[in-house]
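Colleague: Could we go through this model together, one question at a time, with the reasoning spelled out before each answer?

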Amino acid sequence: MTICIADDASINQAVKLLHQGRLVAFPTETVYGLGADASNPEAVARIFAAKGRPENHPLIVHIADSTCLSNWAENIPNAAQRLAEHFWPGPLAIILNKKDHVPIAVTGGQNTVGLRVPNHPVALQLLRAFGGGIAAPSANRFCRISPTQAQHVAEELGDAVDLILDGGACEVGVESTIIDLSGTTPRLLRHGHITAEQIQQALQTELLIPDKAKQIQSDEIRAPGMMTVHYAPLTTALLCPSDCLPSLIKQLVSENKRIAVMSYQTVITATGQISVMKMPEMAETYAQCLYASLRELDHQQRDVIVVEQPPATAEWSAINDRLEKATVPDR
Ligand code: TXA
Ligand code: MG
């Protein structure tokens, strides 16, 4: 495994490796992706092996621009063109019916394919130079915290990845919004930086937003991002509303627990027993450092991470979704 600052030379090297069926991690605006040639099933199999991800969990194919949509998808509805025009390049993945030639290794055996044009100069230069689609999940081990810096990818995957292109810290910090347009009604599959409201506005139509309670009961989970435990630190993490935070901390301290607190508005005083990570109060900047912060608190190897629950408003929906998946509901 090599980490290289992303420049013309390292991007050319990455293109060569992709053509050889090897794995290249690269930055996107959301999180780092673990890329392979999407038209090469053997290369795609390496992604699943490197991540330890079950093979029936589909991958997103990254493309250079929306004109490539028709290389991968068929029966493309107008809604897809409209979303592409509004949000690409950007943190939105669209699920469409796949073309026959798209390997089922990429789609986890489904007849649909996820497509996205990332908004990052390195990712776009790589895609243009490569010329094809790059299948890329987040470059972390299955169910672990997604990487937002090149170093995180190295920690997660080590020698399982051939080259890591270092393009600095990711600007958005949480994975793309996923919209399924393969059925009759547009459906939200994953919250992201682009909100459900923005999608509805662009489409001028209602978006089906699956009921969380039903998702939890359902054993037919289409997207691993929809599983209840995902993006999780190894340390037990608890999500706690602001008004209960002081009493929960008091209780844990009385139980002699060593705790790490991730707060955003409540002021908590650090002691030997309590470390404090003060997060930004704005959703956008909170998202940027969410995964790096969780990773850092996990490294402290304390008994418990306590996360102050952010507001339940639309701009926080992706963050709340990831925090719910990173934590256990109660003790
Ligand atoms: O922001 C992102 O989307 C990042 C960067 C690297 O682009 N990628 C990412 O990939 O988050 P991954 O594999 O960690 O999550 C992709 C999600 C998964 O939950 C997967 O199941 C879902 O997309 N997905 C992909 N293709 C699908 C399909 N055909 N049907 C339903 N869900 C699909
Ligand atoms: Mg992921």
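Colleague: In which strand does alanine 36 lie?

Modeller: Bear in mind throughout that this is a predicted model. Taking the strands as numbered from the N terminus, the run that covers residues 33-37 includes alanine 36, and that run is strand β3.

Colleague: Is alanine 36 buried or exposed?

Modeller: Leaving aside residues up to four places away in sequence, alanine 36 touches a set of residues that includes Leu18, Leu23, Val44, Ile47 and Ile134. Its relative accessibility is 0%, and buried means under 20%, so alanine 36 counts as buried.

Colleague: How far apart are the C-alpha atoms of alanine 36 and glutamine 20?

Modeller: Along the chain, alanine 36 and glutamine 20 are 16 residues apart. In space, the separation of their C-alpha atoms is 9.5 Å.

Colleague: How are the axes of helix α1 and helix α6 oriented, parallel or oblique?

Modeller: The axes of α1, residues 8-19, and α6, residues 121-130, come within 9 Å of each other and cross at roughly 50 degrees. Angles under 35 degrees would count as roughly parallel, and those from 65 to 115 as roughly perpendicular, so the crossing makes α1 to α6 oblique.

Colleague: Which residue class, nonpolar, polar or charged, has 8 members in the contact of α1 with α6?

Modeller: On the α1 side the contact is made by Asp8, Ile11, Ala14, Val15, Leu18 and His19, and on the α6 side by Val122, Gln125, Leu126, Ala129 and Phe130. Divided by class, these residues include 2 that are polar and 1 that is charged, while the class with 8 is nonpolar.

Colleague: What is the handedness of the crossing between α4 and α8?

Modeller: Helix α4, residues 78-87, and helix α8, residues 196-203, have axes that come within 9 Å and cross at roughly 120 degrees, which makes α4 oblique to α8. The contact is made by Ala79, Arg82, Leu83, His86 and Phe87 of α4 together with Gln198, Ile199, Ala202 and Leu203 of α8. As for the sense in which α4 passes α8, the crossing is right-handed.

Colleague: Turning to charged pairs, how many residues apart in sequence are the parts that arginine 144 and aspartate 298 tie together?

Modeller: The side chains of arginine 144 and aspartate 298 meet in a salt bridge, with 3.3 Å from N to O. Arginine 144 lies in the loop between β8 and α7, whereas aspartate 298 belongs to helix α11, so the parts that this pair ties together are apart in sequence by 154 residues.

Colleague: Which of these two partners is buried, arginine 144 or aspartate 298?

Modeller: Arginine 144 has a relative accessibility of 21% and therefore counts as partly exposed. With a relative accessible area of 10%, the buried partner is aspartate 298.

Colleague: Which residues do salt bridges that share partners join into one network?

Modeller: Glutamate 175, in the loop between β9 and β10, and arginine 322, in helix α12, are 147 residues apart, and they form a salt bridge whose closest N and O atoms are 2.9 Å apart. Within helix α12, lysine 325 and aspartate 321 lie 4 residues apart, about one turn of the helix, and their salt bridge has its closest N and O atoms at 2.8 Å. Both glutamate 175 and arginine 322 are buried, and lysine 325 and aspartate 321 are buried too. Salt bridges with shared partners bring these residues into one network, made up of Glu175, Asp321, Arg322 and Lys325.

Methods: Residues numbered from 1 in each chain as written. Chains lettered and ligands numbered in written order. Predicted model: local features only at pLDDT ≥ 70, side-chain atom pairs only at ≥ 80, totals over all residues. Heavy atoms only, no water. Axes fitted to C-alpha atoms, helices over the stretch in contact; angles between N-to-C directions. Helix = DSSP H or I, 4+ residues; strand = E, 2+ residues; numbered from the N terminus. Parallel < 35°, antiparallel > 145°, perpendicular 65-115°, else oblique. Contact = heavy atoms within 4.5 Å. Nonpolar A, V, L, I, M, F, W, Y, C, P; charged D, E, K, R; others polar. Salt bridge = Lys/Arg side-chain N within 4 Å of Asp/Glu carboxyl O. Buried < 20%, exposed > 50% of the residue type's maximum accessible area, 1.4 Å probe, protein only. Left-handed = near helix turned anticlockwise from the far one by under 90°.
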